[in-house]
Amino acid sequence: MVRFLKIRKGHVLPYKLLVYILICSSFFTLLGTSFQLYVEYRSDVSDIQKGFEQIENSYVNTIAASLWDINIDHVKIQLEGALKLPGMRYLEVVEMSFGAAGPVASVGEIPKNEDIIEKKFPLIHVIDGKSVEVGQLRAIADLNNVFKRLEMRVFVVLLTQAVKTFLVALFILMIIHYMITRHLQRMAEYVQELDLSTLDRELVLNRRRRNVMPDEIDRVVDAFNEMRLNLIGDIAERKKVEEALRQSNMIVEKSPMVLFKWRNEEGWPVELVSQNVSQLGFKAEDFMSGRIKYIDVIHPDDIGKVGEEVKTCVENGVNHFNQEYRIIDPTGRAYWIADSTVVVRDSEGEVTSYMGIAYDFTEKKVAENELARLRNLLKNTIDSMPTILVGVDEKLRINQWNRSAEEETGLNYDQVQGKPLFEIFPELNAEKGLILDSIAKLEVREKNKIPFNADGHIQYKNIKIYPLLESGEGRDAVVLIDDVTIKSRLEDMMIQTEKMMSVGGLAAGMAHEINNPLGAVLSGVQGTERRLSPSLKKNLEVAAELGLDLNKVHQYMDRRGILGYLRGISDAGRRAASIVRNMLEFSRKSESSRTNAQVRGVLEKALSLAENDYDLKKKYDFKVIEIRRDYEQNLPAINITETEIEQVFLNIFKNAAQAMSDKEYGDERPTLTLRTRKDGEFVRVEVEDNGPGMDEDVRKRAFEPFYTTKRVGLGTGLGLSVSYFIITRNHEGDFIVESEEGKGSKFIIRLPISKEG
């Protein structure tokens, strides 16, 4: 058959067709046979079931009546009749009315195989309308004959179907070979022989063409011939394109642009690169052969950046992006490359490769970096200046802003750009004419100690205007603003210190000159009081010798106020002596011994002394003042003379209490706040009250000796001046006062930390 069909060695399709036809035919044959056998099996079983139904409908009542009449012979006859029904093999009757155990009648034999159907029917006889069960009928059917018939049927059907299937398969195979496979073989041979030299040979099949209408085979042949003609045309067109490409390559090779195409794989292997890559120090064949991947030439410091940029663009759906990075040539030289890359995706949107144009812009990058470095240097220089620098144009709109200006105002350059200078610094509005005059005359202008209001505190600034040369955009200027608040206060303190030092010598001389006559006055007053006192025996004896009643004299002097005058002289003398002692303290350092102490304990002790101080004449009561404590924990010790520092704190507390007694608080309470902090190598103590405060003139003169704002008799003006010298000269500390009229005062004392721990 194989020779008849001319099936050659290596022809697989005919055998596959034959196997598939046999498999399919066998499958459907088995499926049909199984269904047919199942139907016949169900038919035979149905006949047996009908036999059981016939026994139930036709024999049960008759057998029950015969059994009631005890007519066993008649029962057997009926059983033999029922045994003739399809499939029946055994029937028996069991009599139940008298308790019999065995069957009273039976026919046939019980099958020994397991393929049986068994049913039992009760034998019921009706007498006078009552049903009486007289026995039971047992019927057994055998399926053995049914299975034997089915086996024979299977053999016949399968044999018939197998022969039929084989013959049909061969016939179909002959038809397919004649109509299809032999032509497919011819087409395969034609394609195998096809090359550029045989494109002009047409594909022709050996077919009998009795019908003019072409079939599928003819369409395939036409398609092959049309493809052949298209190839001939495409080859001609390709030659033209190759020539055009050759011309384009010549242009590319002469340009500074290097063309790349690399696959989206690890390391970015290069698929295509133009020959002019040699201008970057590489050979095109090194890339094309795979010895060098594109990622191998990228500078190690730039690989992460380049990869992250490519990943971000791909994830965001960007199909064209630009990059700048460095590459390293084989000699180790670095080039700056500008790369314009196009992402190539497949039909499903997956990235397959990248195409890019790269060119060397190292010289331009170096120039840009140098320019950027100079700009950064200039910006860092301007930003590093502690002075506020603000650039303005001729209309005084802001066009430059350094970091000090940001820190001062809390505004960055984007927030102030183009805004008027006086909107940001309203304190400079009064200096508008000065700035405009500087710009107009191209001359430097400056002004010192301009007051600025910073969160309720007065700060002093010096401004200096530097006009810039004219440019295409007009005249600009730079305004420098220096904070001289601390400098101003230091100058005030230096002036104050010089005053104190000059007055110190004078105070010492005055104290010695006054002390001698003052001692005589106090001694004279004390002697006068003693000699007028009736309590001394000597006074009574002298008065008796003169005939005087000393008690009467004492009463007279008391009524006439002479004793009051004497006490006043004594009080005034003691007060003058106190002033002298303060002046002496004022003029020299204390020689008292120092000890290490905690500033918190000294504050609390001074506060306790102050709380016990109440003077009806001074009209203040320290106990009505609210004390707020804000102490930092674990402050280091300070080396001080405790009595002197207590004197300083007590003096400040009394001054604060006296000041707060002059203010009407309404619902508010007079409050004194004590605050301690570590301040570098110092311990900082702040005593702040919410009293009436001081204006700037009073604040500047607060430490001057003999200067007081109290009424006559309420202060000497030496308390704060002596305290100033105790802190600054005796303890090498700082004593500063901050105050604003109507907003209370703050005294700040800084004492050095003890070096002994």
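What share of the contacts in the protein with a separation of 6 or more comes from residues 24 or more positions apart? The share is 58%, and the views below, taken from a predicted model, show some of the places where the chain comes together.

**View 1. The whole protein, before we zoom in.** The protein holds 20 helices and 23 strands. Of its 757 residues, 36% are buried. The protein exposes about 46,400 Å², and carbon and sulfur atoms supply 54% of that area.

**View 2. The largest nonpolar core, with its 44 residues.** Look for Phe649, Phe653, Phe735 and Ile749, the residues that touch the most other members of this core. Helix H18, spanning residues 642-661, makes the largest contribution, with nine residues. Another core lies apart from this one and has 29 residues, including Val45, Val60, Ile63 and Leu123.

**View 3. An open sheet of five strands with mixed pairing.** Reading across the sheet, you will meet the strands in the order E18-E20-E21-E23-E22. Strand E18 (626-631) and strand E22 (734-739) are the edge strands; each has a single partner strand, so one side of each has no neighbour in the sheet. Direction ignored, neighbouring strands here are turned by 15° against each other on average.

**View 4. Helix H17 packed on the five-stranded sheet.** Helix H17 covers residues 599-611 and touches three strands: E18, E20 (671-679) and E21 (682-689). The direction of H17 makes about 175° with that of E18.

**View 5. The E22 edge and its partner, strand E23.** Strands E22 and E23 (residues 745-752) run antiparallel and are joined by six bridges. To find your bearings, start at Asp734, which stands opposite Arg750 in E23. As a reminder, strands of a sheet pair through backbone hydrogen bonds, either parallel or antiparallel.

**View 6. Strand E1, mostly covered.** Strand E1 runs from residue 88 to residue 95, and seven of its eight residues are buried. Which strand is joined to E1 by seven bridges? That partner is strand E4 (residues 130-142), and the two run antiparallel. Here Glu95 stands opposite Gly135 in E4. Strand E2 (residues 103-108) is also antiparallel to E1, with five bridges between them. In this pairing, Leu91 faces you as a handy landmark, standing opposite Val107 in E2.

Notes:
Residues numbered from 1 in each chain as written. Predicted model: local features only at pLDDT ≥ 70, side-chain atom pairs only at ≥ 80, totals over all residues. Heavy atoms only, no water. Core = buried A, V, L, I, M, F, W, Y, C linked by side-chain atoms within 4.5 Å. Buried < 20%, exposed > 50% of the residue type's maximum accessible area, 1.4 Å probe, protein only. Helix = DSSP H or I, 4+ residues; strand = E, 2+ residues; numbered from the N terminus. Pairing = 2+ DSSP bridges. Axes fitted to C-alpha atoms, helices over the stretch in contact; angles between N-to-C directions. Contact = heavy atoms within 4.5 Å. Areas by Shrake-Rupley, 256 points an atom, 1.4 Å probe, with all protein chains shown as cover.
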